[in-house]
Amino acid sequence: MPFSRLATATTPTAHIGLGLAAVGRPGYINLGREEDLGENRSADALRTRTHELLDAAYAQGVRYFDVARSYGRSEEFLADWLNARPDIDDVVVGSKWGYTYTAGWSADAEQHEVKDHSLAAYERQRAETDAVLGDRLDLYQIHSVTPDSPALTDKDLHARLAEAAAQGLTIGFSTSGPAQADTIRAALQLTADGGPLFRTVQSTYNVLETSAAAALAEAHDAGLTVIVKEGMANGRLAAPHAPEILRTVAEDTGLGCDAVALAWILRQPWAGVVLSGAATVTQLVSNLHAPAVDLDADQLTRLATLAEDPRAYWERRGQLPWH
């Protein structure tokens, strides 16, 4: 299991990963992209930005990098970076299949991605990922599984995933939507060769959306590595948009709202890797202060009051515009 490389790491940032959703394509739903990216969002500009982020992350001890077929050219940008640094052999690379990028490098496209969890989609996208990342791919995840996804019931797909696992590829899944907990528990029931089919789960979890916590703890207890995404709630927890309680706690600690928000997640005993979705090096450096944040009981209690009803949270997320 590739994440065993992180289990023995001693650097404070080893359990923070870098996700490239925000920089692999010109449009995304994160708040503040106009300020973060500016007007030049050409492929060359975002490739350069991605490589700067990867350089900074690696230098600060980050060792997990997360991409997806639907994150524009994120796989390509990461592969270029890895190919230019053949001496780097201690990182873990995860990608995802199940969504196809359809925006044609436009931030104003009517449709940015199309979901398809069929066996045919897996076969096509696995070949595409292999052509880009080759043997640097450690983890392949089904992208955004929900309780009604055919990926939970397609036995032929399960057989192909088990075959890939037998050949050394770690198989995982990510979740989205207000029923994340139901999805996680359903996926935990799937087996291959007497053990769990999935070895990792990636879910949305932050101070606003906590509904998957118990299920993620169960996944951890079952031996899965838990990866937390959207710890900043697509920018809603960044300083310009953060709730007053989070801003007050951040002022008390002397660090940023982002560091506090990620620190709150890192305190969860089941959280194996917490993703930074930084779009700038400045944001990344601030995110990487999270392990240094020491939250007391009163601060934790105040932050816990920010949790929203999951249906309301996901409804609001669904209304965020692509910038």
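Reader: Which residues of helix α7 (residues 180-188) are buried?

Author: In this predicted model, a residue counts as buried when its relative accessible area is under 20%. Within helix α7, which spans residues 180-188, the residues that meet this description are Q180, A181, T183, I184, A187 and L188.

Reader: Within what arc do the buried residues of α7 fall, seen down its axis?

Author: An α-helix has 3.6 residues a turn, so residues three or four places apart point the same way. The buried residues of α7 line one face of the helix, because, when one looks down the axis, they fall within an arc of 160°.

Reader: Which elements are included in what covers the buried residues of α7?

Author: Strands and helices both take part in this cover, the strands including β6 (139-145) and β7. The full set that can be named here includes β6, β7, β10, α8 (213-221) and α13 (310-319).

Reader: How many of the residues of β6 are buried?

Author: Strand β6 is largely enclosed by the rest of the structure. That follows from the count of its buried residues, which is seven of the seven.

Reader: Which residue of β7 stands opposite Q141?

Author: Strand β6 runs parallel to β7, and five bridges join the two. On the other side of the pairing list, β6 also pairs in the parallel sense with β3 (residues 92-97) over four bridges, where K96 stands opposite Q141. In β7, the residue opposite Q141 is G172.

Reader: Through which helix does the chain cross from β6 to β7?

Author: The path between these strands forms a β-α-β crossover, and this crossover is right-handed. The helix that carries the chain across, covering residues 155-166, is α6.

Technical notes: Residues are numbered from 1 along each chain as its sequence is written. This is a predicted model: local features need pLDDT of at least 70, side-chain atom pairs count only at pLDDT 80 or more; totals for chains, interfaces and linings use all residues. Side-chain values use heavy atoms; hydrogens and water are left out. Buried means under 20% relative accessible area, exposed over 50%, partly exposed in between (1.4 Å probe, protein chains only). The arc is that of the directions from the helix axis to the C-beta atoms. Contact means heavy atoms within 4.5 Å. Two strands pair if DSSP finds at least two bridges between them. A crossover is right-handed if, with the strands pointing away from the viewer, the path from the first strand over the helix to the second runs clockwise.
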